[in-house]
Amino acid sequence: MKVLALNGSHRKGKNTAAMLRLALAEVEAAGIETELIEITDLNIRPCLSCNHCLQQPACRITGDDMARLAEKMLAAQGIVLGSPVYFGNVTGLLKIFMDRTRWMHMTANLLEGKIGAAVAHAGLRNGGQEMTLLILERFLKAQGLFVVDDREPEGGIYNVGAAGSLYAGLENGAVRWRRNVTEDALAVHSCRQLGRNLAKKVQELI
Ligand SMILES: Cc1cc2nc3c(=O)[nH]c(=O)nc-3n(C[C@H](O)[C@H](O)[C@H](O)COP(=O)(O)O)c2cc1C
């Protein structure tokens, strides 16, 4: 069993990556193999809108890293997407990746039944995390994944995915910023619970 995490940040190993690693640590603690891929390390060309994928489950673009990434997605039981908020939305890199997966569901639901989850990080407190998480959730659902949220086992309030921010409040009228997401206790808690919920659902697939 394997859970794949894809980081859409244009910066490797920063806040979004840290959130993904927090979730993956819980997945690993449940005995499931994990891998984090930084999309910025890959060469993924934009969709050509050639509609080749309306005829068959294949993409006409070859020679970039998308086929290798798709193989990993198809082999995984769980997929976690992470994106920083860029202008209230996912990053450009992540959107290019999302568009290139169209062939996976237009004539066959190749990712159907897998388990999905999402995390988003922004500078501001209300910087667009919720919108970005909804966009990620919608994408995962369009691809046929079952999307877990961060609810506690006993129920109660929950979020679509995990949201983090650098904004830490006001101090003498000046904005105080966190150094990174690991200082955002709610985000850390949410990522860990999301990871546990993802692991549980993946284990139920057996
Ligand atoms: C092009 C661009 C657009 C951004 N737009 C927003 C935004 O709409 N709201 C916000 O709160 N932060 C915004 N940010 C800040 C990033 O969301 C923030 O720095 C985030 O922590 C980056 O994630 P990373 O640390 O994983 O790279 C933007 C940053 C960039 C580079």
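**Exercise 1. Place Glu-38 in the fold and examine its charge environment.**

Solution. Begin with the secondary structure: Glu-38 is found in strand E2, which covers residues 33-38, where helices (H or I, at least four residues) and strands (E, at least two) are DSSP runs numbered from the N terminus. This is a predicted model, in which local features need pLDDT of at least 70 and side-chain atom pairs count only at pLDDT 80 or more, while totals for chains, interfaces and linings use all residues. Residues are numbered from 1 along each chain as its sequence is written, and side-chain values use heavy atoms, with hydrogens and water left out.

Next, consider the charge. Glu-38 is buried yet has no salt bridge, and the nearest side chain of opposite charge, Arg-21, is 5.3 Å away. Here buried means under 20% relative accessible area, exposed over 50%, and partly exposed in between, with a 1.4 Å probe and protein chains only. A salt bridge is a side-chain nitrogen of Lys or Arg within 4 Å of a carboxyl oxygen of Asp or Glu, and in the assignment of charge Lys and Arg count as positive and Asp and Glu as negative, whereas His and the chain ends are not counted.

Finally, list the neighbours. Not counting residues up to four places away in sequence, Glu-38 touches Asn-7, Arg-11, Lys-12, Gly-13 and Ala-17, contact being defined as heavy atoms within 4.5 Å.

**Exercise 2. Describe helix H1, its buried residues and what they pack against.**

Solution. Take the geometry to start with: helix H1 (residues 15-29) has 15 residues and reaches 21 Å from its first C-alpha to its last, close to the 21 Å expected at 1.5 Å a residue. The expected span is 1.5 Å times one less than the number of residues. After H1 comes Gly-31, whose phi is positive, near 85°.

Then turn to the buried residues of H1, which are Asn-15, Thr-16, Ala-17, Met-19, Leu-20, Leu-22, Ala-23, Leu-24, Glu-26 and Val-27. They pack against strands E1 (2-7), E2, E3 (78-84), E4 (115-122) and E6 (162-165), and against helix H5 (185-204).

Ala-17 serves as a worked case within this helix. Its relative accessible area is 3%, so Ala-17 is buried. Leaving out residues up to four places away in sequence, Ala-17 touches Asn-7, Leu-36 and Glu-38. The C-alpha atoms of Ala-17 and His-121 are separated by 9.5 Å, although these residues are 104 apart along the chain.

**Exercise 3. Characterise selected salt bridges by distance, accessibility and position.**

Solution. The structure holds 15 salt bridges. In one of them, Glu-26 pairs with Arg-196, and the closest N and O atoms are 3.1 Å apart. Because Glu-26 lies in helix H1 and Arg-196 in helix H5, the pair ties together parts that are 170 residues apart in sequence. Glu-26 counts as buried at 19% relative accessibility, whereas Arg-196 is partly exposed at 35%.

A second pair joins Asp-149 to Arg-151, with 2.8 Å between the closest N and O atoms. Asp-149, at 13% relative accessibility, counts as buried, while Arg-151, at 35%, counts as partly exposed.

A third pair is formed by Glu-204 and Lys-201, whose closest N and O atoms are 3.3 Å apart. Both residues lie in helix H5, three residues apart, which is about one turn of the helix. In addition, salt bridges that share partners join Lys-2, Glu-33, Glu-35 and Lys-72 into one network.

**Exercise 4. Locate the non-glycine residues Ser-49 and Asn-172, and state their phi and accessibility.**

Solution. For Ser-49, phi is near 55°, a positive value in a residue other than glycine. Ser-49 is found in the loop between E2 and helix H2 (66-75), and at 52% relative accessibility it counts as exposed.

For Asn-172, phi is likewise positive, about 55°, although the residue is not a glycine. Asn-172 has its place in the loop between strand E7 (167-171) and strand E8 (174-177), and its 83% relative accessibility makes it count as exposed.

**Exercise 5. Describe the surroundings of Gly-144.**

Solution. Gly-144 lies in the loop between H4 and strand E5 (146-147), and at 22% relative accessibility it counts as partly exposed. Leaving aside its neighbours within four places in sequence, Gly-144 is in contact with Leu-111, Glu-112 and Gly-113.
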